[in-house]
Amino acid sequence: MDPAEERSHSKNQKDYVNMLSYTCDSEYGIPRRCACGGRIIDEVRVKQGYDTQPGKRFFTCANHEADGFHYRQPWVIGVKEQIESLTKRLEEAEQLLNLIPSLKNQIETLEAQASGLTRQVDRLTAEVYNLTVQVADLEKLCFE
């Protein structure tokens, strides 16, 4: 494959992946980018003669046209979804905070067990040293 063609293909793949992530972002909460890659602006609907809800706010793609390819979400829905997402994250964080005391107790127990095992290793090391000395003494007696 030609290097220029490969670079072009790589850029096209990157643009496609970005478009997918923009689409995923725009499906929930406050969008960051439109599927076209355009930035999202905070739009307020102006009063028109037939408008029943003047001043309604939207998250809208800066390149918005009424062709169905650009993003436009009512502001209330985006903010509501974002609040729900943040509330869920807060509840998960609270659950983790509630686990901290039990984890501290487990850590203290494990530290106590580790210090006990360290003492046992030290004692066994001393016994191995004593046995090594005894074996050396026996070798001297047997082979002299």
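Is E43 buried, exposed or partly exposed? Select E43 in this predicted model: its relative accessibility is 24%, and the residue therefore counts as partly exposed, since that class lies between under 20% for buried and over 50% for exposed.

**The surroundings of E43**

Keep E43 selected and show strand β1, to which E43 belongs. Beyond residues up to four places away in sequence, E43 touches K56, R57, F58, T60 and R72. Of these, K56 deserves a distance label: E43 and K56 are 13 residues apart in sequence, and their C-alpha atoms are 8.3 Å apart in space.

**The whole chain**

Now zoom out to the full chain. Two helices and three strands are present, in the order α-β-β-β-α from the N terminus on. Of the 144 residues, 13% are buried. With the surface displayed, the accessible area of the chain comes to about 11,800 Å², and carbon and sulfur atoms account for 58% of that area. For a contact map, consider the contacts between residues at least 6 apart in sequence: 30% of them join residues at least 24 apart.

**The strands**

Select residues 40-44, which form strand β1, together with strand β2; the two pair in the antiparallel sense over five bridges. One position to display in this pairing is V44, which stands opposite R57 in β2.

Next, isolate β2, residues 57-61. This strand is mostly covered, with four of its five residues buried. Then add strand β3, residues 72-74, which pairs with β2 in the antiparallel sense over three bridges. Here F58 stands opposite P74 in β3.

**The nonpolar core**

Which residues make up the largest nonpolar core? Select C34, I40, F59, C61, Y71 and V79, the six residues of that core. As general background, nonpolar side chains in soluble globular proteins tend to be buried together.

Center the view on I40. Leaving aside residues up to four places away in sequence, I40 touches P31, R32, R33, C34, F59, T60, C61 and Y71. Core members C34, F59, C61 and Y71 are thus to be displayed among the contacts of I40.

**Helix α2 and its salt bridges**

Move to helix α2, residues 75-143. The salt bridges of the model number two.

For one of them, select K80 and E84, whose side chains meet at 3.1 Å, N to O. Because K80 and E84 are four residues apart in helix α2, about one helical turn separates them. E84 has a relative accessible area of 38% and is therefore partly exposed.

For the other, select R123 and E127; this salt bridge is also listed at 3.1 Å, N to O. R123 and E127 both lie in helix α2, four residues apart, or about one turn of the helix. R123 counts as partly exposed at 44% relative accessibility, and E127 is partly exposed with a relative accessible area of 39%.

**A nonpolar patch on the surface**

Finish with L96, L99 and L103. What do these three residues form? They form a nonpolar patch on the surface, and their accessible area together is about 290 Å². Pick L99 within the patch: L99 is found in helix α2, and its relative accessibility of 44% means that it counts as partly exposed.

Notes: Residues are numbered from 1 along each chain as its sequence is written. This is a predicted model: local features need pLDDT of at least 70, side-chain atom pairs count only at pLDDT 80 or more; totals for chains, interfaces and linings use all residues. Side-chain values use heavy atoms; hydrogens and water are left out. A nonpolar core is a set of buried Ala, Val, Leu, Ile, Met, Phe, Trp, Tyr and Cys residues joined through side-chain atoms within 4.5 Å. Buried means under 20% relative accessible area, exposed over 50%, partly exposed in between (1.4 Å probe, protein chains only). Contact means heavy atoms within 4.5 Å. Patches are made of residues with over 30% relative accessible area and no salt bridge: like charges are joined within 9 Å, nonpolar side chains (Val, Leu, Ile, Met, Phe, Trp, Tyr) within 5 Å. Accessible areas come from the Shrake-Rupley method with a 1.4 Å probe; for residues, only the protein chains shown count as cover. A salt bridge is a side-chain nitrogen of Lys or Arg within 4 Å of a carboxyl oxygen of Asp or Glu. Two strands pair if DSSP finds at least two bridges between them.
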